[in-house]
Amino acid sequence: MESIKTELVDFTQAEEKRLLFLKERVLKTQGKADSLARTIAGALYEISEKKLFRIEAYTSIGVYANEMFGIEKSTTSEAISTFSRFKSETDPYRLGEEWEPFGWKSLTMLRKYSDEDIAVMGITPDCTNREIALSIKAFEDSKTAIENSDLEEKPVEEEKPVEEEKHNEEESPAYVSRETFEEELPHSFPQKEIHISDYESPEA
C-alpha cells in the first residue's frame, strides 16, 4: 500500500482519506453551529434591547442568559455586541445582507473594526479565521508603527528657562539695621512715664 511520507511519521492513503472525511464533517457541523450561533445572538440581542428578561424578574441579560441557557456572561456580551455591530439598517433584529456571507466567528473577530478598516485589511467572506487573525495583527502593527513614527517626528518643545524673580530692594529690603529699627520703635509703640510715688501707700 502506497504511503504518504511526512517529516514525523508515515500515513497511508486510507488514513489521508479518513482525514478528509473528518475535516468535511467538522466543517459541515461548524456551518450548522455558525447558523445556530447567529440565531442565538439575534435572540439574545432582541431580549436585551427590549429588556424582555424583566418579564421573568431578571435584572440583566447576562444573569438571565446564564441561568436560563447556561451561557457565560462574557459569551452573551460578545454575541450581543457582535450582532449590534453588524445588524441590518432596515431591520435591527437581522444581520445586514453584506455581512450574511461571513462566518459568525469571523464577525466576532471583526466587531471592533469599522467597515473602512475591514476593507483596508482586505478581509472577505472567503477568508479563513486564521487569515483574518493575521490580517488584524498586521493592521494593528501598522497602526502602532505609524503612531510611533508620528511621535518621533513631532518636535519636542524646549522648556523655557524660569526667570528669576527680581526683588525690589527699596520695597523689600533684605537687611534692616539695628539703628533703623530702634529709631522707628518709639514711633510705633507710644510710651508713658510711670512715677513710683503715685502708687505709694498712704500709710508710708
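Biologist: Let's start with a single residue. Which residues does Ile-123 touch, leaving aside those up to four places away in sequence?

Modeller: A contact list tells you who sits around a side chain once sequence neighbours are set aside. In this predicted model, Ile-123 touches Phe-102, Leu-110, Ile-118, Ile-132 and Ser-135.

Biologist: Where does Ile-123 stand in the nonpolar core?

Modeller: The general idea is that in soluble globular proteins, nonpolar side chains tend to be buried together. Here the largest nonpolar core has 28 residues, and Ile-123 and Leu-110 are the two that touch the most other members. Helices α1, α2, α3, α4 and α6 (129–153) each contribute at least two residues to this core.

Biologist: Let me turn to helix α3. What span should its 14 residues have?

Modeller: A helix can be checked with a little arithmetic. At 1.5 Å a residue, α3 (residues 73–86) should span 20 Å, and its end C-alpha atoms are indeed 20 Å apart, so the two agree.

Biologist: And which residues of α3 are buried?

Modeller: Those are Thr-76, Ala-79, Ile-80, Thr-82, Phe-83 and Phe-86. To read such a list, look at where the residues point around the axis. These cover an arc of only 165 degrees, which means that they sit on the same side of α3.

Biologist: What covers those buried residues?

Modeller: The cover includes α1 (13–49), α2 (61–69), α4 (104–110) and α5 (115–120).

Biologist: A threonine in that list catches my eye. Why does Thr-82 count as buried?

Modeller: The test is relative accessible area, with buried meaning under 20%. Thr-82 has a value of 0%, so it counts as buried. For a polar side chain like this, the next thing to look for is a partner. A polar atom of the Thr-82 side chain lies 2.7 Å from the backbone oxygen of Glu-78. Beyond its sequence neighbours up to four places away, Thr-82 touches Trp-104, Leu-107, Thr-108 and Arg-111.

Biologist: Now the charges. How many salt bridges are there?

Modeller: The count comes to 7. For each pair, ask two things: how far apart the partners are in sequence, and how exposed they are. Take Lys-28 and Glu-24, whose side chains meet at 3.4 Å, N to O. These two are 4 residues apart in helix α1, so about one helical turn separates them. Lys-28 counts as exposed because its relative accessibility is 54%, while Glu-24, at 43%, is partly exposed.

Biologist: Which parts of the chain does the pair of Arg-111 and Glu-78 link?

Modeller: That salt bridge has an N to O distance of 3.9 Å. It links distant parts of the chain, since Arg-111 is in the loop between α4 and α5 and Glu-78 is in helix α3, 33 residues apart. Both are partly exposed: Arg-111 has a relative accessibility of 22%, and Glu-78 has 32%.

Biologist: What is the distance between the closest N and O atoms of Asp-115 and Arg-85?

Modeller: In that salt bridge they are 2.7 Å apart. Asp-115 lies in helix α5 and Arg-85 in helix α3, so this pair ties together parts that are 30 residues apart in sequence. Asp-115 is partly exposed at 39%, and Arg-85 is partly exposed at 23%.

Biologist: Which residues are linked in a network of salt bridges?

Modeller: Reading a network means following shared partners rather than single pairs. Asp-34, Arg-38 and Glu-100 are linked in this way.

Key. Residues numbered from 1 in each chain as written. Predicted model: local features only at pLDDT ≥ 70, side-chain atom pairs only at ≥ 80, totals over all residues. Heavy atoms only, no water. Expected span 1.5 Å × (residues − 1). Buried < 20%, exposed > 50% of the residue type's maximum accessible area, 1.4 Å probe, protein only. Arc of directions from axis to C-beta. Contact = heavy atoms within 4.5 Å. Core = buried A, V, L, I, M, F, W, Y, C linked by side-chain atoms within 4.5 Å. Polar contact = N/O pair within 3.5 Å; in protein donor to acceptor, adjacent residues only side chain to side chain. Salt bridge = Lys/Arg side-chain N within 4 Å of Asp/Glu carboxyl O.
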